[in-house]
6 protein chains.
Amino acid sequence: MKYGARNNLKAKVKSVQKGDIMSLIHFEVLVPGEMSSVITTESVADLDLKPGDEVKLVIKAIHVLPVKE
Amino acid sequence: MKYGARNNLKAKVKSVQKGDIMSLIHFEVLVPGEMSSVITTESVADLDLKPGDEVKLVIKAIHVLPVKE
Amino acid sequence: MKYGARNNLKAKVKSVQKGDIMSLIHFEVLVPGEMSSVITTESVADLDLKPGDEVKLVIKAIHVLPVKE
Amino acid sequence: MKYGARNNLKAKVKSVQKGDIMSLIHFEVLVPGEMSSVITTESVADLDLKPGDEVKLVIKAIHVLPVKE
Amino acid sequence: MKYGARNNLKAKVKSVQKGDIMSLIHFEVLVPGEMSSVITTESVADLDLKPGDEVKLVIKAIHVLPVKE
Amino acid sequence: MKYGARNNLKAKVKSVQKGDIMSLIHFEVLVPGEMSSVITTESVADLDLKPGDEVKLVIKAIHVLPVKE
């Protein structure tokens, strides 16, 4: 099983809040590992990103796709 | 500093690959912690998601926003 | 009328489920046609994608924009 | 194998254009079927969407995730 | 012409930078107007958002869809 | 504070509509300024985008991230 996405994290469901149309699920990440990001080369320059820099990786919950294998 | 996003992970830049328009950055996540996902309530039923279930969280790199504080 | 997006499919509304803030709409696609995807070149290598391969194209409903012309 | 996404279409790779960081892949959809969209209930009212209406479904290629099972 | 999206801004193209696969376009917004955001109700509480508050609206360029009418 | 995103607009909250899981927030943009978009080079050709052209920039509300600094 292979996904055309750079990030896939093993996680365990902690809670499920069901709404009328959308639901919010909280997970505990089991294996931290690595993440990848694609941004414009202009933004890399703005942020002056280089190896060793510490950042926050911000991800809207709507962009996280749970998959059950 | 507060973001209107459920997920923000502390991470360290491992590498930066600059392209003509877009760049790809690899990070090492420093503190694993938790993640949240929003999906349709229909999808929750399809996946039959409940506390304790193990899943893969798939995220396209394009949806990961690095922030330098 | 031209959109800066690779995919646009003719479809007919089958049902509308209205929620408090978000609504879910089901469509029947009228003309199948083609789809395009942009992923990292790293992911193309991981998936070993080449002409003739069969895949599933997964799209979160939140990323589908209906337009009435 | 189950995905927390409303849309998944069987498709065959037609061409792969590799770029420095990102690549563009064209697919032929094998089984048309159905699509779902989530939009705000405000937008449903603006569009006045109801069963039987014809629309275009616009999707940026960046939001299409190919998966090889 | 109606879109199932809360935000649409009139803008004029300032520059186009063509890359191998992706291109970056800079626009000048002609009429400022209003913007809408959808976030989790949990995030609204975290941010303690209420009328009159000043915020930054951050949008990745990849999520901006130009349309020519 | 620097974000890996091309667009960030100063805005003031006009209203907050809280739903069960998701909430919709309306903002007044305080400083119009500029916007950037990333699309495929194929789409630039389709739209025949060049400096001076007028377009609509369409953005789903779900892709707008409010940040309080």
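Contact means heavy atoms within 4.5 Å. By this criterion, the interface of chain C and chain D in this predicted model takes 61 residues from chain C and 61 residues from chain D. The two chains bury about 6500 Å² between them. Of this area, 61% lies on carbon and sulfur atoms. On the side of chain C, K56(C), V58(C) and K68(C) lose the most area to chain D. Together these residues account for 12% of what that side buries.

The two copies are related by a simple operation. A rotation of 180° superposes chain C on chain D, with 0.0 Å of shift along the axis. The RMSD of this superposition is 0.0 Å. Such a relation is that of a two-fold axis. P32(C) has the C-alpha nearest the axis in chain C, at 2.3 Å. Both copies use the same surface, since 100% of the contact residues of chain C recur in chain D.

Polar and charged pairs also span the interface of chain C and chain D. There are 6 salt bridges between these chains. One of them joins the side chains of E69(D) and K56(C), with 3.3 Å from N to O. K56(C) is also among the residues of chain C that lose the most area to chain D. In addition, 46 residue pairs are in polar contact across this interface. Several elements of chain C each supply at least two residues of the side that touches chain D. They are β2 (7-18), β3 (22-29), β4 (34-40), α1 (41-47), β5 (54-59) and β6 (65-68). The largest share, 11 residues, comes from β2(C). By class, this side of chain C has 31 nonpolar, 14 polar and 16 charged residues.

A second interface lies between chain A and chain C. Here 14 residues of chain A are in contact with 17 residues of chain C. The buried area is about 1200 Å², with 60% of it on carbon and sulfur atoms. The count of salt bridges between chain A and chain C is 2. The side chains of R6(A) and E42(C) form a salt bridge, 2.5 Å from N to O. Across this interface, 7 residue pairs are in polar contact. The side of chain A that touches chain C has 9 nonpolar, 2 polar and 3 charged residues.

Over all chains, the structure holds 42 salt bridges. Side chains of opposite charge can pair when their charged atoms come close. In one case, the side chains of E69(A) and K56(B) meet at 3.4 Å, N to O. E69(A) lies in the segment after β6 (65-68) of chain A, and K56(B) lies in strand β5 (residues 54-59) of chain B, so this pair joins two chains. The partners differ in exposure. E69(A) has 55% relative accessibility and counts as exposed. K56(B), at 18%, counts as buried because the cut-off for buried is under 20%.

Another salt bridge crosses from chain F to chain E. The side chains of E34(F) and K14(E) meet at 2.6 Å, N to O. E34(F) belongs to strand β4 (residues 34-40) of chain F, and K14(E) to strand β2 (residues 7-18) of chain E. E34(F) is partly exposed at 44% relative accessibility. K14(E) is partly exposed at 39%.

Within chain C, the side chains of D48(C) and K50(C) meet in a salt bridge of 3.6 Å, N to O. D48(C) counts as partly exposed, at 46% relative accessibility. K50(C) also counts as partly exposed, at 38%. In chains A and B, a network of salt bridges links D48(A), K50(A), D53(A) and K68(B).

One residue of chain A illustrates a buried setting. S23(A) is found in strand β3 (residues 22-29) of chain A. Its relative accessibility is 0%, so S23(A) counts as buried. A polar atom of the S23(A) side chain lies 3.5 Å from the backbone nitrogen of G19(A). Leaving aside residues up to four places away in sequence, S23(A) touches Q17(A) and K18(A). S23(A) also touches S37(B), V38(B), I39(B), T40(B), T41(B) and V44(B). A further contact of S23(A) is I21(F).

Conventions. Residues numbered from 1 in each chain as written. Chains lettered and ligands numbered in written order. Predicted model: local features only at pLDDT ≥ 70, side-chain atom pairs only at ≥ 80, totals over all residues. Heavy atoms only, no water. Least-squares fit on C-alpha atoms with pLDDT ≥ 70 in both. Helix = DSSP H or I, 4+ residues; strand = E, 2+ residues; numbered from the N terminus. Buried < 20%, exposed > 50% of the residue type's maximum accessible area, 1.4 Å probe, protein only. Polar contact = N/O pair within 3.5 Å; in protein donor to acceptor, adjacent residues only side chain to side chain. Buried area = accessible area lost by both parts, 1.4 Å probe. Salt bridge = Lys/Arg side-chain N within 4 Å of Asp/Glu carboxyl O. Nonpolar A, V, L, I, M, F, W, Y, C, P; charged D, E, K, R; others polar.
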